[in-house]
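Please walk through the model below with attention to how its helices pack and where empty space is left between them.

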Amino acid sequence: MKRKLFSIGIAAVLAAGGLTACGRGGGDEVTIGLAVANLQADFFNQIKQSVEAEAEKEGVDVVVSDARGDAATQVNQIEDFVSRQVDAIVYIPAGATAAGVPVEAAERADIPVVTVDRNPPDAPGQSFIASDSVAAAKELGEWVIDESGGQGNLAILQGQIGTTPQVDRQTGFEEALAGAPGINVVTQQPADWAQDKAFTVAQDMLQANPDIDIFWGQADAMALGAAQAARSEGGGDRLIVGFDGDVAGIEAVRDGRIDATMVQQTQRMGRMAVQTAMDIIDGKDVPAEQLLPAFLLTSQDQAKADEYLAEHP
């Protein structure tokens with residue numbers, strides 16, 4: 001496909017999670033479909049906002065869909081993108097189940113797919129943009145080891161099992177723990193990235209293992225749930241860390257409610273997704289994988305937290 005002159009138009013998300021977009025006129029403008037896993041999460045909203053801002057600079061229409069965490073809904077939404085004959089799709093899978101189906105459907109229609117944050121192993125996107133979660137989780141694990149003196153009982157609140165970030169964060173953290181035999185993983189359970197579920201799971205963990213002194217939530221929302229559960233059980237001197245660097249997580253680190261997180265470059269991911277999609281449309285070669293570093297933020301660095309809150313990377 002050749003890139004053409006086009007008019008500016010940005011789509012909005014319907015309150016019910018439906019689709020809307022400016023018309024493509026005579027077919028002269030480029031349209032990108034943005035399939036988001038769940039716009040209730042600040043992490044995905046950051047990417048959406050960045051995609052829309054970058055697309056506006058490029059004069060590109062964006063059609064946005066919100067799967068609200070449901071993979072089956074997302075399959076239907078991407079089928080709608082295909083029927084609209086969008087020029088490219090930026091895809092953030094809603095889960096591990098059937099994640100490859102939308103990519104295969106788009107490829108059959110000769111529509112390129114750029115995946116962000118999660119990449120279906122059986123049907124990867126033409127280019128995958130994400131944090132280097134293995135390296136970032138290992139760095140976070142090493143910080144936990146240093147901060148705890150290499151001793152403690154650790155509870156892990158996992159994300160959706162089998163998704164790219166869950167697998168990679170688990171791998172990286174375990175690589176760090178391999179050098180710390182004094183840290184004992186006493187329990188690990190999925191809480192599916194959700195704060196309310198993490199609160200309930202962490203409460204159950206503390207009831208069964210009251211000697212837990214380290215919590216790791218594989219997302220900030222789950223770390224916040226664990227912090228809430230710890231307070232309800234009388235607090236105690238527990239080390240609590242998260243991952244993502246969303247607004248609530250950064251504020252919690254700054255305020256000392258959790259001790260550390262890894263800040264992902266969500267705004268940059270959105271810009272890169274649009275640029276990569278346009279490169280594919282232009283017929284250019286793109287990397288199969290584009291991994292970005294995440295940044296360790298601890299409660300000792302409030303100035304850096306304020307900087308991230310003012311302008312997220």
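**Helix packing and empty space**

In this predicted model, helices α4 and α5 are oblique to each other, because their axes cross at roughly 40° and an angle counts as oblique when it falls outside the ranges for roughly parallel (under 35 degrees), roughly antiparallel (over 145) and roughly perpendicular (65 to 115). Helix α4 covers residues 133-148, and its axis comes within 7 Å of that of α5, with α4 passing α5 in a right-handed crossing. On the α4 side the contact is made by Ser133, Val134, Ala137, Lys138, Leu140, Gly141, Glu142, Val144 and Ile145, and on the α5 side by Asp168, Arg169, Thr171, Gly172, Phe173, Glu175, Ala176 and Leu177. By class, these residues divide into eight nonpolar, four polar and five charged.

A second pair to follow is α6 and α7. Helix α6 spans residues 195-208, and its axis and that of α7 come within 7 Å and cross at roughly 45°; the two helices are therefore oblique to each other, and their crossing is right-handed. From α6 the contact draws on Gln195, Ala198, Phe199, Ala202, Gln203 and Leu206, while α7 brings Ala221, Met222, Leu224, Gly225, Ala226, Gln228, Ala229, Ala230 and Ser232. The contact of α6 with α7 holds ten nonpolar and five polar residues, and no charged ones.

The third pair joins α1 to helix α9, which comprises residues 266-281; the two pack at an angle of about 45°, with their axes 7 Å apart. That angle makes α1 oblique to α9, and α1 passes α9 in a right-handed crossing. In α1, Phe43, Gln46, Ile47, Gln49, Ser50, Val51, Glu54, Ala55 and Glu58 take part, and they meet Thr266, Gln267, Met269, Gly270, Arg271, Val274 and Gln275 in α9. Sorted by class, the contact of α1 with α9 has six nonpolar, seven polar and three charged residues.

From the packed helices we can turn to the space left open. Where does the lining of the largest pocket draw at least two residues from a single helix? Four helices do so, namely α1 (42-58), α5 (164-177), α7 (220-232) and α8 (247-255). About 490 Å³ of space lies in this largest pocket, and of the 27 residues that line it, the closest to its centre are Asn38, Ala41, Phe44, Trp193 and Ala221. Ala221 is thus named for the pocket centre and also among the α7 residues in contact with α6. The lining of the largest pocket is made up of twelve nonpolar, seven polar and eight charged residues.

Enclosed space is a separate matter, and here the count comes to one cavity of 30 Å³ or more. The largest cavity contains about 30 Å³ of space, and its lining consists of Ala71, Gln74, Val75, Tyr91, Ala94, Gly95, Thr97, Ala98, Ala99 and Pro102. Helix α2, running over residues 71-84, gives the most to this lining, with three residues. The lining of the largest cavity divides into seven nonpolar and three polar residues, with no charged ones, whereas eight charged residues are found in the lining of the largest pocket.

Conventions: Residues are numbered from 1 along each chain as its sequence is written. This is a predicted model: local features need pLDDT of at least 70, side-chain atom pairs count only at pLDDT 80 or more; totals for chains, interfaces and linings use all residues. Side-chain values use heavy atoms; hydrogens and water are left out. On a 1 Å grid over the protein atoms alone, a cavity is a set of points where a 1.4 Å probe fits but cannot get out, and a pocket is an open set with protein on both sides within 12 Å along at least five of seven lines; lining residues have an atom within 4 Å of a point. Grid points are joined across faces, edges and corners, and a volume is the space filled by probe spheres set on the points. Ala, Val, Leu, Ile, Met, Phe, Trp, Tyr, Cys and Pro count as nonpolar, Asp, Glu, Lys and Arg as charged, and the others, Gly among them, as polar. Axes are lines fitted to C-alpha atoms, for helices over the stretch in contact, and angles run from 0 to 180 degrees between N-to-C directions. A crossing is left-handed if the near helix is turned anticlockwise from the far one by less than a right angle, and right-handed if clockwise. Contact means heavy atoms within 4.5 Å.
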